[in-house]
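Please open the model in a viewer and keep the selection panel at hand. The tour below proceeds by selection, with a short account of what is found at each stop.

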Number of protein chains: 2
Amino acid sequence: MSSVSTSAAAAKGLDGVVVASTGISQVFGNEGRLVYRGYSIGQLAGKATFEEVCHLLWKGHLPNQVELDEIRSMMSARRALPEAVLATIKAMPASTDPMDDLRTGASAIGAALPISGPATYEQALTLTAMFPTIVATFDRLRKGKEPIAPRADLSHAANYLYMLTGNIPHESHVKSLDTYLVLLADHGMNASTFTARVIASTESDICSAVVGGIGALKGPLHGGAPALVMDMLDQIGAQNNIKPWIDRALDGHIKLMGFGHRVYKTTDPRAEILRTMAQQSSTPEFFALARGTEEYALEELHRRKSDQRLYTNVEFYSAAVLNSVGLDRDLFPSTFAISRVSGWTAHVLEQMVGNRLIRPQSEYTGRTDLVFTPVSERP
Amino acid sequence: MSSVSTSAAAAKGLDGVVVASTGISQVFGNEGRLVYRGYSIGQLAGKATFEEVCHLLWKGHLPNQVELDEIRSMMSARRALPEAVLATIKAMPASTDPMDDLRTGASAIGAALPISGPATYEQALTLTAMFPTIVATFDRLRKGKEPIAPRADLSHAANYLYMLTGNIPHESHVKSLDTYLVLLADHGMNASTFTARVIASTESDICSAVVGGIGALKGPLHGGAPALVMDMLDQIGAQNNIKPWIDRALDGHIKLMGFGHRVYKTTDPRAEILRTMAQQSSTPEFFALARGTEEYALEELHRRKSDQRLYTNVEFYSAAVLNSVGLDRDLFPSTFAISRVSGWTAHVLEQMVGNRLIRPQSEYTGRTDLVFTPVSERP
């Protein structure tokens, strides 16, 4: 059993503080390794589908053919939104941030079904099944188009792209997106997963936990920043502008998007796999720009900040992959959530086993001896 | 600076782990003392209004007359709900748990205004101002009645009761509810406040943080249980049934509602103040039943579980007070949230100062060496 000594200062970000035992996933930051239920991510990416990985995370093992048929049909049967959720999404102004829409729509699922009591596998599956429908429905409505009903004969990834456009997506796009969904499904005790577990620890319902997870994922320090990678690549624009742009940014102490991570002290294994996907599904020009930017940025970061170990993180090529399959960049965080909800729900199910309320302490820095005076006597 | 040693087991509930420095409030569990910004809760309860306490929590000091006039008029001017929030509440089925409605309606505020970027005082104030309107609007709609527009000339507490009934409330009810709102406004690093701070630490917005807080507060181990106190008192029914009912419950190892707390190892100071409020606003019969139940339960708990220090917690007389001012018992948790949102938002504003992402670790209990096999080869 690991043991760490914490002080108020050390624990501020809970760095290194172990808050739970989990059998779901682990990040081995020094080795650049991510494991889901015993499988290194490289064992799963490009081989297992998102539905198989959902089964792995929720049930603890990859499904056999009977189990896979069952989870596929259960998920596809639960994609349509309850009327109250649809009405909620329709109430959102077209200018709504898609993460605000997803947070509100997901919360409405809890009200509409309703979702209450101890978390169940079926609730986990239902929430995960409905997330793409919330995002696609809102995206269609904000563009003045009719929402497209889900198609049960398509996979989770393919159906999401189908509901966005109304067209059966290219197989290469489905493969890229499905791999992305597998790669982002879980990642140890990240902030949104931790949020979901804190909420679940009060014995609140799984929908409340997931809604909290969306709120945390929205933050730019967590899942809210991949679009900024695309903004950066747009600003760089061409290969011959990579060096001057990055030099200028680093000279001006501007943070480069897509590099560095709290836990990884070497290359994020997901970034390596996503790089391959990006190469397959992007135009050669775009990939050359992204790859050139990555290489020069790493070279300069290592030269200028040799005390830090900054490597390409998952956001960099996530942005490239999601862009290449045709997603608007303001849908990147919601698409991250479409993947991560599988992990959040697995963690909620796990938290319920031998649950203990997560209730930490704070260090009080204020006075304790003030005496009330009526408003008329206050300075 | 305090220092604790934690292991995976010890940190499971983060008991005693200091996760933040705060100047907002502190619970001194061994002394039975709660302090807001330097004032013991007994200094404030019954003297300061909820609006004054909001100012205290957000700005760090009690308002002078000019500041009080300003915060009152700012809050009363922000009570009406944006159209999209109203439409969202109207979309909720009448059977919706009021906490699910509040979570969804609060989330819709973030979409409708919208709320984004670094948290501000005005956002904190706006969310707090709108909470009673969400709860009262839904309560009217589910009863088949028209929602009642807020009245700017009423206090926060009085207007909440007014929006529920359409009648100007009794002064004694306003006083009881206002005192309740003051007492529940903040409470150190409780699970919902911690949830809000974890979400805020990703640099997500204050609405996302508050929505997470609602989800955590909904849990029966946090704010979701006060109605169960009323259910217990209903079942006891009469003074002569107190002893047999409690004896039977304890013999059957049934947990009595309203006793015990993670942090307090003596009487919760809020329970003492709420007892007085309950005595003033309840019928003599009801108060005698509640008081008699409390006294006999404590006597038996101390006799049977002499190793534990179980005292009356805030839920016991919260239930009695909220019942006495005429609230349906399924509105108790939402009314708790109407108070606590002031604390959540104060903590989010504080978290933003020198923020660091809250990203803990987990202990992995699974394997790491499994090899992928295609579905056709799985057992």
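**A sheet in chain A**

Begin by selecting A:Val35 and A:Ser40: A:Val35 stands opposite A:Ser40, which lies in β5 of chain A. The model shown here is a predicted one. Extend the selection to strand β4 (residues 33-36) of chain A and to β5(A); these two strands run antiparallel and are joined by 2 bridges. Now add β3(A), and an open sheet of 3 strands is displayed, in the order β3-β4-β5 and with antiparallel pairing. Its edge strands are β3 (25-28) and β5 (39-40) of chain A, each of which pairs on one side only.

**The sheet in chain B**

Turn next to chain B and select strand β3 (residues 25-28) together with strand β4 (residues 33-36). In chain B these strands pair in the antiparallel sense over 4 bridges. Within this pairing, B:Phe28 is found opposite B:Arg33 of β4(B). The two strands make a hairpin with 4 residues between them. Select B:Gly32 in the turn, where phi is positive at about 65°.

Proceed to strand β5 (residues 39-40) of chain B, which pairs with β4(B) in the antiparallel sense over 2 bridges. Which residue of β5(B) is the bridge partner of B:Tyr36? The partner is B:Tyr39. Here the hairpin has 2 residues between the strands, and B:Arg37 takes a positive phi near 45°.

With β3, β4 and β5 of chain B displayed at once, the open sheet of 3 strands may be followed in the order β3-β4-β5, with antiparallel pairing. In chain B, β3 and β5 stand at the edges with a single partner strand each, so one side of each has no neighbour in the sheet.

**Strands across the two chains**

Select strand β6 (residues 361-364) of chain A and strand β2 (residues 18-22) of chain B. These strands belong to separate chains, yet 4 bridges join them, and they run parallel. To locate one such bridge, select A:Glu363, whose partner in β2(B) is B:Ser21.

**The interface**

Select the residues of each chain that are in contact with the other: 110 residues of chain B meet 109 residues of chain A. The two chains bury about 9300 Å² between them, with 56% of it on carbon and sulfur atoms. Highlight B:Arg359, B:Tyr364 and B:Phe372, which supply 9% of the area that chain B buries against chain A, more than any other three residues.

For the charged pairs, select A:Arg103 and B:Asp205, whose side chains form a salt bridge at 3.9 Å, N to O. The count of salt bridges between chain B and chain A is 8, and that of residue pairs in polar contact is 52. Then select helix α5 (residues 98-112) of chain B, which gives the most to the side of chain B that touches chain A, with 8 residues. Coloured by class, that side of chain B shows 51 nonpolar, 41 polar and 18 charged residues.

**The relation of the copies**

Finally, display both chains in full and superpose one on the other. A turn of 180° with a shift of 0.0 Å along the axis lays chain B on chain A with an RMSD of 0.1 Å. That is the relation of a two-fold axis. The same surface serves both copies, for 99% of the contact residues of chain B recur in chain A.

Methods
Residues are numbered from 1 along each chain as its sequence is written. Chains are lettered from A and ligands numbered from 1 in the order in which they are written. This is a predicted model: local features need pLDDT of at least 70, side-chain atom pairs count only at pLDDT 80 or more; totals for chains, interfaces and linings use all residues. Side-chain values use heavy atoms; hydrogens and water are left out. Contact means heavy atoms within 4.5 Å. Buried area is the accessible area (1.4 Å probe) that two parts lose on being put together, summed over both. A salt bridge is a side-chain nitrogen of Lys or Arg within 4 Å of a carboxyl oxygen of Asp or Glu. A polar contact is a pair of N or O atoms within 3.5 Å; within protein, one must be able to donate a hydrogen and the other to accept it, and residues adjacent in sequence count only if both atoms are side-chain atoms. Ala, Val, Leu, Ile, Met, Phe, Trp, Tyr, Cys and Pro count as nonpolar, Asp, Glu, Lys and Arg as charged, and the others, Gly among them, as polar. Two strands pair if DSSP finds at least two bridges between them. Copies are superposed by least squares on the C-alpha atoms of residues with pLDDT of at least 70 in both.
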